[in-house]
Amino acid sequence: MPTPSLASLPIRRLTLRDLTACADLSEDRGWPREEHKWGLLLTAGKGYGIDDPDGGLVAACVVTEYGPREQPALAAVGMVLVAERHARRGVGRRLMRHIVSTMGTTPLTLHATPSGRPLYEEIGFKVIGRAEMLRGHFVPTGDRPKVATRAATAEDLPTVVRLDEEVFGADRTPIVTRLPAFADHLHVAEEDGRIIGYAAAWPNMETHVVGPLIARDTATAEALLASLAARTDRPLRTDIDVRHEELLSWAKAHGLASVASNAVMAYGTTELPGDRNRRFAPVTVAAT
């Protein structure tokens, strides 16, 4: 039997049954397996992949939609991976064009590494911003936080969902309502009994990733980040919008160092919805 060409292999929807194959694909490209994150993305979002006739996946990606089911306000594309043995043969381009076609008029966004950016630009994505990845052990100063924070409770979830939609600019209920189970720590910031911000810290290999980070202002974001750091011995990792220069400087002064910079790109829009002044970090760069 002749081996089918890559162009003839069908693109299909992925499910949780494909989690191990997705993690294997990550490992094949030198990424961490990140099974915990793949599990969230494959349940809250839609996975797309191409099966390898010899076993495993040729390629995969995940699309997470936000807003009304009938007409999403925005969709995030992430975890775009092509197996090393099939790289540089147009598979990633074919998968991305399939996503663009499938999503129709829904605006798309993604975080692009320097190596991935040329492909996305070829498809029609434009750079609209940048996020700086920070990593390291947080070093507290002992100063009293300017904003009160506490662990979130089940009763807080409806308020957190509403706040998130207000700031993000689209309904992220499928993601936000999974945070209590997905994250090791979920904290809220309060003023006069009113929630003014929230953040989660979720396990990713040897780190805790802080995201999402939604806050009224920089002082609130700092308090949330510090409160989460106090609950873990692991290094922290987070991806801060570079327009939040004050938070970036504060985090670096507390032990976090810049390890990478990704371009925030969009297709079908020139600006993400919501309030960027209160949106400090995504859940993950794979889902915004």
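**Overall build, helix 1 and two threonines**

Residues 24 or more positions apart make up 71% of the contacts in the chain that have a separation of 6 or more. The model is a predicted one, and its chain carries nine helices and 13 strands.

As for overall size, a compact globule of 288 residues would have a radius of gyration near 19 Å, and the chain, at 19 Å, agrees with that. Measuring along the principal axes is another way to look at it: here the C-alpha trace spans about 70 × 35 × 35 Å. Of the 288 residues, 53% count as buried. The accessible surface of the chain adds up to about 13000 Å², and carbon and sulfur atoms hold 50% of that. Then there are the charges: the chain has 34 positive and 36 negative ones, and their mean positions lie 4 Å apart.

Helix 1 is a handy place to zoom in. This helix covers residues 19-28, and its buried residues are Leu19, Cys22, Ala23, Leu25 and Ser26. Looking down the helix axis, these buried residues fall within an arc of 155°, so they line one face of helix 1. What do they pack against? The buried residues of helix 1 have four partners: strand 1 (11-14), helix 2 (35-44), strand 3 (57-66) and strand 4 (74-82). After helix 1 comes Gly30, with a positive phi near 85°.

Strand 3, one of those partners, is also home to Thr64. This threonine has a relative accessibility of 1%; the cut-off for buried is under 20%, so Thr64 counts as buried. Setting aside neighbours within four places in sequence, Thr64 is in contact with Leu41, Ala44, Gly45, Leu74, Ala75, Ala76, Ile175 and Ala287.

Thr177 gives a second threonine to look at. Its spot is the loop between helix 6 (173-176) and helix 7 (179-182). Is Thr177 buried or partly exposed? At 37% relative accessibility, Thr177 counts as partly exposed. With residues up to four places away in sequence left out, Thr177 touches Leu157 and Val161. As for His254, this residue is 77 positions from Thr177 along the chain, and the two C-alpha atoms are separated by 30 Å.

Put side by side, the two threonines read like this: Thr64, in strand 3, is buried at 1% relative accessibility, whereas Thr177, in a loop, is partly exposed at 37%.

Technical notes. Residues are numbered from 1 along each chain as its sequence is written. This is a predicted model: local features need pLDDT of at least 70, side-chain atom pairs count only at pLDDT 80 or more; totals for chains, interfaces and linings use all residues. Side-chain values use heavy atoms; hydrogens and water are left out. The radius of gyration is taken over C-alpha atoms; the globule rule is 2.2 Å times the number of residues to the power 0.38. Buried means under 20% relative accessible area, exposed over 50%, partly exposed in between (1.4 Å probe, protein chains only). Contact means heavy atoms within 4.5 Å. Accessible areas come from the Shrake-Rupley method with a 1.4 Å probe; for residues, only the protein chains shown count as cover. Lys and Arg count as positive and Asp and Glu as negative; His and the chain ends are not counted. The place of a charge is taken as NZ of Lys, CZ of Arg, CG of Asp or CD of Glu. The arc is that of the directions from the helix axis to the C-beta atoms.
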